[in-house]
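Work through the exercises below with the sequence and model open. Each task is followed by a stepwise solution.

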Amino acid sequence: MSQMHQVTLRAPVEISGTGVHSGESVSVTLHPAEPNHGVVFLRTGLPNGIDRLIEARHINVSATELCTVVGVRESGCVATIEHLMAALAGLGVDNVLVEIDGTEVPILDGSAAPFVDAIEAVGTITQAASRRVLKVRRPVRVEKGASFVELLPADKGLKLDVEIDFADGAIGRQRRVCDLTPATFRREIAAARTFGFMRDVEALWKAGFALGASLENTVAVGEDGVINPEGLRFADEFARHKLLDAVGDLALAGYPLAAHYRAHRGGHRLNFAVLEALFADRANYEIVEVGTRREPAEAVLPLPLAAFGGRAG
């Protein structure tokens, strides 16, 4: 991202739909927020009637199985945040309060495109505060079996290099490389949909997942290939969606990244693990105020929460 100042929404915008895993109806309102607020979820509709603020930061991630979850179930959490987070990060929106009355961000059409449309419908405004970027200074890498994710130093911006490798012939081996900008995100990434295999559906239902999944919001892969009547939006839609997920997960660093992200057979769990590895040693990164001075890594603090008061959990 080349923008010099922080950005928020021009006006609130509401989005409603169904959670892909919970199957529950949910309403989300994106509110403008002041400089240095970051992305914060305001979880409402809790049984005890007490709303809860949850910062969209890696330190608040509580689960990464099939989706990314922040907060904890006992006191309030928000699941499947990655597509919304990707839309915000992809469009360069720094500060927003996400008011949500259910446990899961709606899946909509399975991509980030509806969130992009909603944000662009109200527009964004540039704020007076300078933008701060997290620059990766030393390589960090996490592995699990044949899978790996790594973050490498880069002079500016976020470059993503994602490769997937499925035995299923409908997907196979795909690779997508992208320099993240609002234009490339809109054009190449936002519309790529989540996907799943028909052979896994029954097991997912038994485990409490995919209760809201359908051909309206998921690319379904059967024995003979993609079963959605409209087919794929891109020949490599599967790789593009993995890249979309990575953009959303990496946004949990709390700052835009200046880094080169590489993944082979990655996913939410490894994306979270690489952020943990990054923040485990302050020599790995520094915070740079765009166009002005640099802040040492020791200055990294939790984002302030002014809107609605209270503390994040």
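**Exercise 1. Find which element supplies the largest share of the lining of the largest cavity.**

Solution. Helix 1 supplies the largest share, 3 residues. Helices here are DSSP runs (H or I, at least four residues), strands likewise (E, at least two), both numbered from the N terminus. This is a predicted model: local features need pLDDT of at least 70, side-chain atom pairs count only at pLDDT 80 or more, and totals for chains, interfaces and linings use all residues. Residues are numbered from 1 along each chain as its sequence is written, and side-chain values use heavy atoms, without hydrogens and water.

Next, take the volume: about 420 Å³. A cavity is a set of points, on a 1 Å grid over the protein atoms alone, where a 1.4 Å probe fits but cannot get out; lining residues have an atom within 4 Å of a point. Of the 24 lining residues, D94, A251, G254, Y255 and P256 are the closest to the centre of the largest cavity. Helix 1 (82-90) and helix 5 (237-250) are the elements that give two or more residues to this lining.

Last, sort by class: 16 nonpolar, 5 polar and 3 charged residues. Ala, Val, Leu, Ile, Met, Phe, Trp, Tyr, Cys and Pro count as nonpolar, Asp, Glu, Lys and Arg as charged, and the others, Gly among them, as polar.

**Exercise 2. Describe the second largest cavity.**

Solution. Its volume is about 70 Å³. The lining residues include K242, D245, Y261 and H268. Strand 14 (158-165), helix 5, strand 19 (257-264) and helix 6 (268-279) each supply at least two. By class, the lining has 4 nonpolar, 4 polar and 2 charged residues.

**Exercise 3. Place T68 and list its contacts.**

Solution. Start with the position: T68 sits in the loop between strand 6 (61-63) and strand 7 (69-72). T68 is buried (under 20% relative accessible area), at 2%. Then look along the chain: F272 is 204 residues away, yet the two C-alpha atoms are separated by 8.7 Å. Contacts (heavy atoms within 4.5 Å) of T68 include V61, E82, D249 and H268, leaving out residues up to four places away in sequence. With H268, the side chain of T68 makes a polar contact of 3.3 Å. Such a contact is a pair of N or O atoms within 3.5 Å; within protein, one must be able to donate a hydrogen and the other to accept it, and residues adjacent in sequence count only if both atoms are side-chain atoms.

**Exercise 4. How many disulfides are there?**

Solution. The count is 0. The cut-off is a pair of cysteine sulfur atoms within 2.5 Å. For C77, the closest cysteine sulfur is in C67, 9.2 Å away, so the distance is too far for a bond.

Definitions and conventions. On a 1 Å grid over the protein atoms alone, a cavity is a set of points where a 1.4 Å probe fits but cannot get out, and a pocket is an open set with protein on both sides within 12 Å along at least five of seven lines; lining residues have an atom within 4 Å of a point. Grid points are joined across faces, edges and corners, and a volume is the space filled by probe spheres set on the points. Buried means under 20% relative accessible area, exposed over 50%, partly exposed in between (1.4 Å probe, protein chains only).
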